Amino acid sequence: MTDGTPPRLPLDWIATALRRERTRAGLSLSELAKRAGIAKSTLSQLEAASGNPSMETIWALGVALGVPFSALVEPPAPAVRVIRAGEGPAVASEQANYVATLLSASPPGARRDIYHLRAEPGAARESEPHIPGTVEHLIVSTGRVKAGPLGESAELGPGDYMTYRGDVPHAYEALAPGTTFVLIMQHV
């Protein structure tokens with residue numbers, strides 16, 4: 001989008017994915033809502049393709065279902081796909097000026113997702129542990145970011161690479177305006 005506002009995730013993608021994954025897991029609406037720590041009415045709205053889910057809500061549902069975040073937001077992909085800068089399914093954080101755009105979800109047989117992130121200085125984006133075995137790989141494109149597991153974070157600049165466990169509490173904090181980075185989540 002040209003006005004700087006990230007595009008909204010199509011709610012029908014999320015609704016379809018939630019129903020599919022909840023059914024696969026054999027969970028009721030009530031049980032999934034309880035496991036994710038969200039209201040049953042919120043989950044019901046999401047499965048009805050209404051509401052405006054935050055990144056934190058989708059992550060909590062993914063963890064409760066034992067699936068990567070991308071499994072809940074990735075549309076069916078054509079054979080050739082181009083995502084232009086500023087386009088793609090993006091989700092904003094409630095905690096910080098932080099927007100994640102999914103570039104590539106794990107194809108069948110692989111367990112990795114690729115994101116492009118934009119962050120601005122201010123509040124850190126604190127992340128709860130992802131599904132067990134998750135490893136994150138981060139490469140800074142522009143600006144500076146402080147990232148990593150709580151108590152083990154490092155400051156990174158353009159071109160710097162970092163890897164760490166994503167199945168423990170971790171955070172990302174932009175230290176300069178216009179910070180962007182690529183995040184690869186590997187689910188082993």
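Two strands pair if DSSP finds at least two bridges between them. Helices (H or I, at least four residues) and strands (E, at least two) are DSSP runs, numbered from the N terminus. The model is predicted: local features need pLDDT of at least 70, side-chain atom pairs count only at pLDDT 80 or more, and totals for chains, interfaces and linings use all residues. Residues are numbered from 1 along each chain as its sequence is written, and side-chain values use heavy atoms, with hydrogens and water left out.

**Exercise 1. The six-stranded sheet**

Task: Give the strand order of the open sheet of six strands, and say which strands stand at its edges.

Solution:
- Step 1. The order is β1-β2-β3-β10-β5-β8, and the pairing is antiparallel.
- Step 2. β1 (90-92) and β8 (161-165) are the edge strands; each has a single partner strand, so one side of each lacks a neighbour in the sheet.
- Step 3. Neighbouring strands here are turned by 25° against each other on average, direction ignored. Axes are lines fitted to C-alpha atoms, for helices over the stretch in contact, and angles run from 0 to 180 degrees between N-to-C directions.
- Step 4. Inside the sheet, β3 (residues 112-119) and β10 (residues 179-187) run antiparallel and are joined by eight bridges. In this pair, Y115 stands opposite L183 of β10.

**Exercise 2. The four-stranded sheet**

Task: Work out the order of the open sheet of four strands, then describe how β9 is joined to β4 and to β6.

Solution:
- Step 1. The strands follow the order β4-β9-β6-β7, with antiparallel pairing.
- Step 2. β4 (125-127) and β7 (154-156) are the edge strands, each pairing on one side only. The average turn between neighbouring strands of this sheet is 20°, direction ignored.
- Step 3. Three bridges link β4 to β9 (residues 170-174) in the antiparallel sense. S127 has H170 of β9 as its bridge partner.
- Step 4. β6 (residues 145-149) is joined to β9 by five bridges, again antiparallel. V145 stands opposite A174 of β9.
- Step 5. Four of the five residues of β9 are buried, so that strand is mostly covered; here buried means under 20% relative accessible area, exposed over 50%, and partly exposed in between (1.4 Å probe, protein chains only).

**Exercise 3. Helix α4**

Task: Describe how α4 is placed against a sheet and against α1.

Solution:
- Step 1. α4 (residues 55-65) lies across β1, β2 (98-104), β3 and β10, running at about 110° to β1.
- Step 2. Nine of its 11 residues are buried, so α4 is largely enclosed by the rest of the structure. The buried residues of α4 include W59, L61 and L65.
- Step 3. α1 and α4 pack at an angle of about 25°, with their axes 10 Å apart. That makes α1 roughly parallel to α4, because angles under 35 degrees count as roughly parallel, over 145 as roughly antiparallel, 65 to 115 as roughly perpendicular and the rest as oblique.
- Step 4. The contact (heavy atoms within 4.5 Å) is made by I14, L18, E21, R22, R24 and A25 of α1 and by I58, L61 and L65 of α4.
- Step 5. Just after α4, G66 takes a positive phi of about 75°.

**Exercise 4. Helix α3 and the residue after it**

Task: Find which residues of α3 are buried and what they pack against, then characterise A49.

Solution:
- Step 1. In α3 (residues 40-47), the buried residues are L43, L46 and E47.
- Step 2. Seen down the axis of α3, these residues fall within an arc of 95°, so they line one face of the helix. The arc is that of the directions from the helix axis to the C-beta atoms.
- Step 3. The buried residues of α3 pack against α1 (11-25), α2 (29-36) and α4.
- Step 4. A49 is found in the loop between α3 and α4. Its phi is near 65°, a positive value in a residue other than glycine. Most residues other than glycine have a negative phi.
- Step 5. A49 has 32% relative accessibility, so it counts as partly exposed.

**Exercise 5. The chain as a whole**

Task: How many helices and strands does the chain have, and what share of its residues is buried?

Solution:
- Step 1. The secondary structure comes to five helices and 10 strands.
- Step 2. Of the 188 residues in the chain, 43% are buried.
- Step 3. Among contacts in the chain with a separation of 6 or more, 65% come from residues 24 or more positions apart.
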